[in-house]
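User: I'm new to reading protein structures. Could you walk me through this one?

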Amino acid sequence: MSLVRLNIKGISYSQTQNGAYALILNEMDGDRKLPIVIGAFEAQSIAIALEKEIRPPRPLTHDLFKNFADRFDIIIKQVIIHKLVDGVFYSSLICERDKIEEIIDARTSDAIALALRFDAPIFTYKNILDKAGIYLKVNPKEDENQENQDSILVDDFLAEEVENKPSKEMYSSKTLQELQNLLDEAVANEDYEKAAHIRDEMSKRE
């Protein structure tokens, strides 16, 4: 499968959903964008890395990882978003130390926060971009409207994500065993918000 290089367009927030952020990645040699829902902490960490002039008084978690890696001569060569399952992106860090390469699993938001700090390129596979990429054609004369269009894109994308997630009420009809199976699946897919709702429903019955 062929790899497609991505660059970071920026972070956009939802104007209709408080606390919802999306990282927008651009296809370098194309028009598609890849929006990825991320948490507020990761959004802050990525935003700080993008703004080179901002220096936190104490290292954030991703800065600490970078300092640790530098001390032990570990570099991140590249990040690959290699899988998409049920709306969850899975990524790998391609690391090297003493000319020995290792592949480390990572959440995509963490992987990109680290890629920025290591100046590492970001890639995904063409089939993932075909599946999840969004076309957003913009007239070059309308650049001033770009931020607003990105916000609309993010709102539509996040609204679809919320619509596809089961509500809390849907869990009330499930048996404890069914809830446990759903909990295991949610944790495996790193959908911790869903896992928390399921855990709440299970706790009510204990």
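**Strands, rings and charges**

Analyst: Sure! Start with one pair across two strands: arginine 5 stands opposite phenylalanine 123 in β7. Keep in mind that this is a predicted model.

User: Which strand pairs with β7, and in what sense?

Analyst: A handy general idea for strands: in a regular strand the side chains alternate between the two faces of the sheet. Here, β1 (residues 3-13) pairs with β7 (residues 122-125) in the antiparallel sense, over 4 bridges. β1 also runs antiparallel to β2 (residues 21-27), with 7 bridges joining them. One spot to look for there: asparagine 7 has asparagine 26 in β2 as its bridge partner.

User: How many aromatic pairs does the structure hold?

Analyst: Just 1 aromatic pair. To read one, you describe a pair of aromatic rings by the distance of the centres and the angle of the planes. In this case phenylalanine 68 and phenylalanine 72 are 5.0 Å apart centre to centre, with 45 degrees between the planes, so the pair is tilted: the angle falls between the cut-offs of 30 and 60 degrees.

User: Why does phenylalanine 72 count as partly exposed?

Analyst: Because its relative accessibility is 41%, and partly exposed covers the range between 20% and 50%.

User: Where do the charged ends of lysine 66 and lysine 83 sit?

Analyst: Over rings! Lysine 66 has its charged end over the ring of phenylalanine 118, 5.0 Å from the centre. For lysine 83, the ring belongs to tyrosine 90, and the distance to its centre is 4.6 Å.

User: And how many helices and strands does the protein have?

Analyst: There are 7 helices and 8 strands. Of the protein's 206 residues, 41% count as buried.

Definitions and conventions. Residues numbered from 1 in each chain as written. Predicted model: local features only at pLDDT ≥ 70, side-chain atom pairs only at ≥ 80, totals over all residues. Heavy atoms only, no water. Pairing = 2+ DSSP bridges. Phe/Tyr/Trp six-rings, centres within 6.5 Å; stacked < 30°, edge-to-face > 60°. Buried < 20%, exposed > 50% of the residue type's maximum accessible area, 1.4 Å probe, protein only. Lys NZ or Arg CZ within 6 Å of the ring centre and 35° of its normal.
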